[in-house]
Amino acid sequence: MSMEKSATKSNQNLCFPRRRGQIKMKILKSMVKSAVGLASMRSQSGRGGSGSGSGSSTPSTATPSGYDSDRKLNFTNKIYNFAIDFNTIGQRGLHDQKEKMKILQILRRKLSSSQIRSTVTPSLSLAFFYRQLHSSSNPASFGVAFDIDGVLLRGSNPIGGAPRALKRFYDDYGTLKVPYVFLTNGGGVPESKRAKELGSLLDVNILPLQVIQGHSPFKQLMRRFENELIVAVGKGEPAEVMSEYGFKNVLSIDEYASCFDNIDPLAQYKKWTDKLDGNQSSKSKHTALSNDPCSQRVAAVFVVSDSVDWSRDIQVLCDILRTGGLPGKEIAHQPPLFFANDDLAYQALFPSERLGMGAFRIAVESVFNAIHPAALKYTSYGKPNPSVFKNAETVLMHVLQSCHTNHQVDGRKQFFKTLYMIGDNPSVDIKGARQAGSPWFSILTRTGVFKGKENHDDFPADLVVDTVEEAVDYILSKECIS
Ligand SMILES: [Mg+2]
């Protein structure tokens, strides 16, 4: 059952109590002692053969830098194991930055007093040690999915302290320490291109893997339509998107419509199409068609992103769908139709919401059903579909694996205790997270579609906050990460 919560100050102090912290410190001190002691013993035994004094060893096998490679390796292993142990305890609750620094200071003192201090290479500095803590740390038990429009961006403008919030998921070296993805119903460009755009707008390094768009599930249909003629609808680069997924014969609806004279009776009144027609004189680079596309049957239509020209697209879609994929011919069985999402509205730059793909779907369906004997058949993807959240969980596990290259993350054993969905649209983001169930935890921001003071009546979130930055504050406090 969901309930409204607020990000209060009390959430800032969710780490273990002071007494437990003191016990951990004792354990860690003894670990430092034993790690350094063991390293010293190994160091002394390694020196026995050489007979050289401390700090002036003459290694039997000297490296170019003058250090005994075996002793260096042994000591490195000790420190490395200590780092893993240290971080294992950290994962259980010791995340306070001051305490981490205290441990590092203890280690530095021990290293300074140790005879083997002189054999430690400069690369075994505290910076190296600290870096190892992150790269070898145990996998996080939580992940985060961000909606984009109305949460991180409005148009192309960052909102709600988004760049600051995202930076907190990286360490000082720019390494990702918390697995997160962008889970958006938007799209229109390939994931690789969107990752670059988002990285530039939000000032963080984003992997294509981290971008899940409304049309991302279309790639699962590639084998079914790989060599068939398909039409891709929407703003941006719908044909490029489908091409990147592996579809071999794709035409954008702009390209497809241009193959038919007079298919759009209003084309002459659309001034913007003049430039478009000039660009489309050459054959599409997304098709391997040897024949005129007009004579080939369209096997499926994919609405990749928001339609730019509703009147033309509704007309052409009805032509394709009523005739079995051969506009101008007899009525025949309807080819499959796929929508990347079913959002009725979304928050863009204009103060009130704009009509989305769900509104376009209603328009197509209404017109089609009015002129055709059988009702329109279609499939919609995107949030709030539970399969989208299941897929996001799988992708987050892949992102987690990419964060922890030194640790093999076993997907069969590793699982997320909590997955946070941060969104602005109650009927899409929050409804979806609620339907997906455990371990999803929904956070609703007030920077987009939702602007209410309290929680949403129909789809209440687990937490309501003003901005995405507040949401990230809450998550990191709850997970005891500074
Ligand atoms: Mg949104």
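**Two open sheets and a helix pair**

Let me begin with a single pairing, in which Phe338 stands opposite Thr379 in strand 12. Please keep in mind that this is a predicted model. Phe338 and Thr379 belong to a place where strand 9, residues 337-339, is joined to strand 12 by two bridges, the two strands running parallel.

Stepping back, we can ask in what order the strands of this open sheet of five are arranged. The order is 7-6-8-9-12, and the pairing is parallel. Strand 7, at 249-252, and strand 12, at 379-380, are the edge strands, each of them pairing on one side only.

There is also an open sheet of six strands, again with parallel pairing, and its order is 5-4-1-13-14-15. Here strand 5 (211-212) and strand 15 (463-465) stand at the edges with a single partner strand each, so one side of each has no neighbour in the sheet. The partner of strand 5 is strand 4, residues 180-183, which runs parallel to strand 5 and is joined to it by two bridges, and Leu183 stands opposite Ile212 in strand 5. Helix 15, residues 468-478, lies across strands 1, 13, 14 and 15, and runs at about 135° to strand 15.

Finally, the helix pair. Two packed helices are described by the angle between their axes and the distance between the axes. For helix 11 (residues 310-322) and helix 12 (residues 357-371), the axes come within 10 Å and cross at roughly 50°, which means that helix 11 is oblique to helix 12. The crossing is right-handed. Among the residues that meet are Trp310 and Leu317 from helix 11, and Phe360 and Val364 from helix 12. By class, this contact has eleven nonpolar residues, no polar ones and no charged ones.

Key
Residues are numbered from 1 along each chain as its sequence is written. This is a predicted model: local features need pLDDT of at least 70, side-chain atom pairs count only at pLDDT 80 or more; totals for chains, interfaces and linings use all residues. Axes are lines fitted to C-alpha atoms, for helices over the stretch in contact, and angles run from 0 to 180 degrees between N-to-C directions. Helices (H or I, at least four residues) and strands (E, at least two) are DSSP runs, numbered from the N terminus. Angles under 35 degrees count as roughly parallel, over 145 as roughly antiparallel, 65 to 115 as roughly perpendicular and the rest as oblique. A crossing is left-handed if the near helix is turned anticlockwise from the far one by less than a right angle, and right-handed if clockwise. Two residues are in contact if their C-beta atoms, placed from the backbone, lie within 7 Å. Ala, Val, Leu, Ile, Met, Phe, Trp, Tyr, Cys and Pro count as nonpolar, Asp, Glu, Lys and Arg as charged, and the others, Gly among them, as polar. Two strands pair if DSSP finds at least two bridges between them.
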